[in-house]
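Here are my notes on the model you sent. Please read them with the structure open.

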Amino acid sequence: MQSAVARLLPDGQRLHLQHGPIDLILSITPKNPDHRARAFDVAFERFQSILFELSADLPVLRKPLQDCLMHRLSPVSQRMCGAVRDERRHFITPMAAVAGAVADEVLEVVMGAFAVRTILVNNGGDIAFFVGKHESGRILISDLDGREQGLVELPVGRGGLATSGRGGRSLSLGIADSVTVISKNAAVADASATLIANEVDVPGHPNIRRKPAAELDPDSDLGARRVVTGCGPLAASETAAALAQGRSEAIYLLRKGRVSGAALFLNGQAETLEMPLCLPPKKVPLHA
């Protein structure tokens, strides 16, 4: 396995960290501007060992949660298990939270060492953030074709924003173009976005192509479960029905306090629930 690498981006304000499949962009505004370089060093020092730790834990993390509770795991793996611990209704493993948990870990180590005004750790779209008082932050979200869906206003404080859906980095049981959520941290946001995206579906529709996950990735935690490999034309009513299923899951997670906002997109239609979007395509109140 190659070593982790770090590269300061041309603006001098962001650091690119890469190790195997993990690809982070770290942006920090420290209270003392002289601390940025040292904060980047601290982040890289922690980052270098994360992939090795996860690799050692993978056989456990790909199994249902109860197996994880019987093993001694690394800090990132523990974050992953914590993110799915309360889920009992749907099949999910800690792997659903891996990208967010890595982002959380890097954010945690930096904030433990330096006072910051803002910090964003972007792991391929799954983002751990902190926004201080009197500060602001925005994240642009887009669909599979790169069309802008809106700007998300990040709340003050610490949190996480994550996106899941068909065509992303992970396999999906649903057909959502994308589902973006805000939560208390990136690991919980990551798992919650996965759960909502999985529910955006029209089961049995002939224009939706599926294959067993193991045929696409022999190491997938989804095993023989059939994941979406393509989605042909759907009627507007079918698109709306699929989004309605995802919306029901989002409402459940909102009421449980697992997420604080969600935006679901499919075929040009959208549902937004308590999501602070600029120029949202549609606003649906939680208690409609």
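Which residue in E9 stands opposite Ser164? The points below start there and work outwards.

1. The partner is Val179: Ser164 stands opposite Val179 in E9. Keep in mind that this is a predicted model. The two strands involved are E8, residues 157–164, and E9, residues 178–183. They run antiparallel and are joined by five bridges.

2. The E8–E9 pair belongs to an open sheet of nine strands. The order is E1-E2-E3-E4-E5-E8-E9-E12-E13, and the pairing is antiparallel. The edges are strand E1 (5–8) and strand E13 (269–273). Each of these edge strands pairs on one side only. On average, neighbouring strands of this sheet are turned by 10° against each other, with direction ignored.

3. Look next at the E1 edge. E1 runs antiparallel to strand E2, residues 14–19. Four bridges join E1 and E2. Ala6 has Leu17 in E2 as its bridge partner. The hairpin of E1 and E2 has five residues between the strands. In that hairpin, Gly12 takes a positive phi near 75°.

4. A point on side chains, for tracing any strand by eye. In a regular strand, side chains alternate between the two faces of the sheet.

5. Now the helices on the sheet. Helix H5, residues 186–199, lies across four strands: E5 (126–131), E8, E9 and E12 (261–266). H5 runs at about 30° to E8. Helix H7, residues 236–255, also packs on the sheet. H7 touches E12 and E13, and its direction makes about 15° with that of E13. Both helices therefore have E12 among the strands they touch, contact meaning heavy atoms within 4.5 Å.

6. For the chain as a whole, the count is seven helices and 14 strands. Among contacts with a separation of 6 or more, 56% join residues 24 or more positions apart.

7. How does the overall size compare with that of a compact globule? The two agree, because a compact globule of 288 residues would have a radius of gyration near 19 Å and the chain has 19 Å. Along the principal axes, the C-alpha atoms fill a box of roughly 55 × 40 × 35 Å.

8. Last, burial and surface. Of the 288 residues, 50% count as buried. The accessible surface of the chain comes to about 13,500 Å². Carbon and sulfur atoms hold 51% of that surface.

Note on methods. Residues numbered from 1 in each chain as written. Predicted model: local features only at pLDDT ≥ 70, side-chain atom pairs only at ≥ 80, totals over all residues. Heavy atoms only, no water. Pairing = 2+ DSSP bridges. Axes fitted to C-alpha atoms, helices over the stretch in contact; angles between N-to-C directions. Rg over C-alpha atoms; globule rule 2.2 N^0.38 Å. Buried < 20%, exposed > 50% of the residue type's maximum accessible area, 1.4 Å probe, protein only. Areas by Shrake-Rupley, 256 points an atom, 1.4 Å probe, with all protein chains shown as cover.
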